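Biologist: Before we discuss the spaces and the contacts in this model, could you put the structure on the screen?

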Amino acid sequence: MERLPSWLRQHIAAIRAIVVLTLLLGGVYPLVITGVAQAVFHAEANGSAVQKDGKDVGSALVGQLFTDKSGNPVAGYFQSRPSAAGAGYDMLSTAASNLGPEDVVDVLPVPGAKDDEGNPDTGRQSLLTQVCARSKAIGELEGVSGARPYCTADGIGAVLKVFPAVGTPTRAVSVNQACPATPFVAVYEGVKVECGKPGEDYSAGRTVPVRGGATAVVPPDAVTASGSGLDPDISVAYADLQAPRIARERHLPLGTVRTLIREHTTGRALGFMGEPAVNVLELNLALDGKRG
Amino acid sequence: MGATAAGVVFIASLILALGLTYRPLGDYMYRVYSSRRHTALERGIYRLIGVRPDSEQRWAVYARALLAFSVISILVVYGMQRLQDKLFLSLGMPPVTGHIAWNTAISFVTNTNWQAYSGESTMGHLVQMAALAVQNFVSAAVGMAVAVALVRGFARSRTDEIGNFWVDLVRGTVRILLPIAVVGALVLVAGGIVQNFASPHEVTTLTGGTQAITGGPVASQEVIKELGNNGGGFYNTNSAHPFENATGWTNWVEIFLILLIPFALPRTFGRLVGQNRQGYAILAVMGTLALASVVLTNVFELSGHATVVQAVGSAMEGKDVRFGVPDSATFAAATTLTSTGAVNSFHDSFTPFGGMMTMFNMMLGEVAPGGAGAGLYGMLVLAVITVFVAGLMVGRTPEYLGKKIGSREIKLASMYFLTTPTLVLVGMAVAMGNQAGLAAMLNSGAHGFSEILYAFTSASNNNGSAFGGVTVNTPWYDVALGLCMAFGRFLPIVFVLALAGSLARQAPVPESAGTLPTHRPQFVGMVVGVTIIVVALTFLPALALGPLAEGLS
């Protein structure tokens, strides 16, 4: 060793070091932690499984879809938040939407057009339109108003493209509303608003989102996708919004449903960590228990 | 309590906890790096490695050992990914694609943990725990070793020796990181973070659908990912994933682990140079910048200045209910102020100014408090630049901690400082100038620009977080960002070690009436000012095209 040049000695030491440290940090350490964890915190270490009739139905920490085969909400269950993980709550492809806060302009599908694989063109919904559409759908499901600021009555992002980009408007287009839809406003600064023509390039115009006078009833967490794509929780407000439907569908007194919500609400840890949350899977299991 | 009040208490409790650990942990790390004794385990390791722990190294030898260790590490991590189907615990996953494996190897060895792959569908358990998690430990230990070597340069005089790399590496790993990781991992498991070797198993959900429940040795990796300021998630959604971060309180623990070592190292620095007040001054600089950033990020996220956020009524896109908006903002600030890059919410969907703060934090050079070790040496280089600037203004000979900052020292400090901006801005320019670079954007316009700017900032500063919509698993990005990570890590390290060598050789300069005191609020304010002004001058044009354009339109 000593007679070798310094650089070579350092590399040999490096190889030996990585082998030794891998055995210690990549072998002994995780195995010991696993051993202790499995012995002391068995349920937690294995994913906090939740059971019904003796069979695993999911994890207390991981949300799931409460929809039927065609993706419609099952009315007797509390619904989870929107999810960007695969087709929804897919643990094999967890994801957030990653759409930005000014993502407000849709790409309208061009009728008859095909993509590279020969499928019909579906366009692309902006985050704003996704939020508006979810709000409208939830409003209908729960029998409340699904209106929101910056949304049209038909659940689309209320956004104009105004031309020219700078100066007095000469043309205004409601870009997210495909013709022959009636634009959500008839006139913008004296200019008649047109409907959006699929396939036309409006990128040169100035983007003007229009707030409108609506106030939202459907809570924020109900219309946004979570970070994990697996959010097990909904807000207390969203659970309360769903309570009348659940009571109706399950023929339970509303008070009973509200009591169940309170029982499955986790407050902030130590009073200040995180936000109060309602665990949807556990709440739905409790509902099933009431019926049985 | 309202959400905002709870968020304020959350931040205050973190500050309190870090305040309580500052002295004990800082003193402990001082003893670790200055002790002459070796434990039995360490002596065994030195024998197996074949190094003599009691001989010290000149800076060039120290650097060579560090680079040799890093090159070998890259080859090992690359090889294990490419061969994972031949090894056990691969869960049936195929070998990782060449360019992704290359990018990932550099990413984990450089303490960046940029992820061009999705954990649950790319890496088997063995690669995760025996390749990636091992680098989580040693890359952090390397950063701490470099910081300690630089501090020895200030503390010693008339010597060529700045320590022994192998000793610093092993001690940082087994005496500091490993014990905290063992305790932290078990705390996290108690909170619900999984720790097993299971393959995904299918369950039938309440409505008759199926869901594959994934497993893995997550807690043991999660803890060191935060503690070592690595940030590479076991799963794709990182610390937002309930199996990585299950509750509001595990979220607190993870943020605490992120900030623990970087905020205690100034104490170690103060002890090593024999003046605790110098440690407090550096801590004050870090703390001022960090607190301002955390508060601003919270304010921007809570005020919700953006169209979609106002339509929603809250910045909940990309955030989980159990964390809420304030604690997600605090996590985002902590992870980018350090070199961690773990995320519990998705920065791409943050408000324009909230997202800008995460970028700005990284552009500060990750010095407030920065990565384990990397933050301290970055901050000390900024202190050197500050005494130089101050010296120019009043005509004094610049000196810091009794060492003259001469032409060689200031050249090294300047080259250190210029490395990352050069990588970010040149990389950005090249990306904007070709189709392969532009194709990565998910969002369009200014926000798409921000996605690419974030990617180069994150890679060059060895952070590893992303505006996640960006598509970077392409050969072009894997190569470009891989180069940014490698140069962004190792060039500054070489400059710092050279600086350490140059300082250690000097005889101490006696303090005189002309010496600028470097422990007073005046100096703290100057370092804060220099840091912000230098960063603003460098990056304001780029920020103006991205988040500022988006937020002000």
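Modeller: Here is the predicted model, and I would start with the largest cavity, which is lined by 33 residues, with B:Gly365, B:Tyr416, B:Thr420, B:Asn461 and B:Gly488 lying nearest its centre.

Biologist: What makes this space a cavity, and how much space lies in it?

Modeller: A cavity is a set of points where a 1.4 Å probe fits but cannot get out, and about 350 Å³ of space lies in this one. The search of the whole structure finds four cavities of 30 Å³ or more, and this is the largest of them.

Biologist: How do you know which residues belong to the lining, and which elements of chain B supply at least two of them?

Modeller: A residue counts if it has an atom within 4 Å of a point of the cavity, and by that rule α6 (125–155), α14 (374–394), α15 (407–432) and α18 (475–505) of chain B each supply at least two residues. The largest share, seven residues, comes from α14(B). By class, the lining holds 15 nonpolar, 16 polar and two charged residues, where Gly is counted among the polar ones.

Biologist: Where is the second largest cavity lined, and what is its volume?

Modeller: The second largest cavity holds about 90 Å³ of space, and among its 14 lining residues B:Leu91, B:Met93, B:Glu120, B:His125 and B:Gly215 lie nearest its centre. Two or more residues of that lining come from each of α5 (119–122) and α6 of chain B, and the classes are seven nonpolar, six polar and one charged.

Biologist: Why is the space of about 1000 Å³ called a pocket?

Modeller: The name pocket is used because the set of points is open, with protein on both sides within 12 Å along at least five of seven lines. This largest pocket, with a volume of about 1000 Å³, is lined by 35 residues, of which A:Glu102, A:Val104, A:Val105, A:Lys161 and A:Thr207 lie nearest its centre. At least two lining residues come from each of β7 (206–209) of chain A and α11 (307–312), α17 (445–460) and α20 (547–552) of chain B. The lining has 13 nonpolar, twelve polar and ten charged residues.

Biologist: How many residues of the two chains are in contact, and what area do the chains bury?

Modeller: With contact taken as heavy atoms within 4.5 Å, 104 residues of chain B touch 96 residues of chain A. Between them the two chains bury about 7900 Å², of which 67% is on carbon and sulfur atoms. On the side of chain B, B:Leu206, B:Glu317 and B:Val321 lose the most area to chain A, together 10% of what that side buries.

Biologist: What does the count of salt bridges give between chain B and chain A, and how many residue pairs are in polar contact?

Modeller: The count of salt bridges between the two chains is zero, a salt bridge being a side-chain nitrogen of Lys or Arg within 4 Å of a carboxyl oxygen of Asp or Glu. The rule for polar contacts, however, finds 37 residue pairs across the interface. Helix α7 (residues 165–191) gives the most to the side of chain B that touches chain A, with eleven residues, and that side divides into 58 nonpolar, 34 polar and twelve charged residues.

Biologist: Which peptide bonds are cis, and where do their prolines lie?

Modeller: One of them runs from A:Phe163 to A:Pro164, with omega near -10 degrees, and A:Pro164 is in the loop between β3 (159–163) and β4 (171–178) of chain A. Another joins B:Ala368 and B:Pro369, with omega about 0 degrees, and B:Pro369 lies in the loop between α13 (352–363) and α14 of chain B.

How values were computed. Residues numbered from 1 in each chain as written. Chains lettered and ligands numbered in written order. Predicted model: local features only at pLDDT ≥ 70, side-chain atom pairs only at ≥ 80, totals over all residues. Heavy atoms only, no water. 1 Å grid on protein atoms, 1.4 Å probe; cavity = no way out; pocket = protein on both sides within 12 Å on 5 of 7 lines; lining within 4 Å. Points joined across faces, edges and corners; volume = space filled by probe spheres on them. Helix = DSSP H or I, 4+ residues; strand = E, 2+ residues; numbered from the N terminus. Buried area = accessible area lost by both parts, 1.4 Å probe. Polar contact = N/O pair within 3.5 Å; in protein donor to acceptor, adjacent residues only side chain to side chain.
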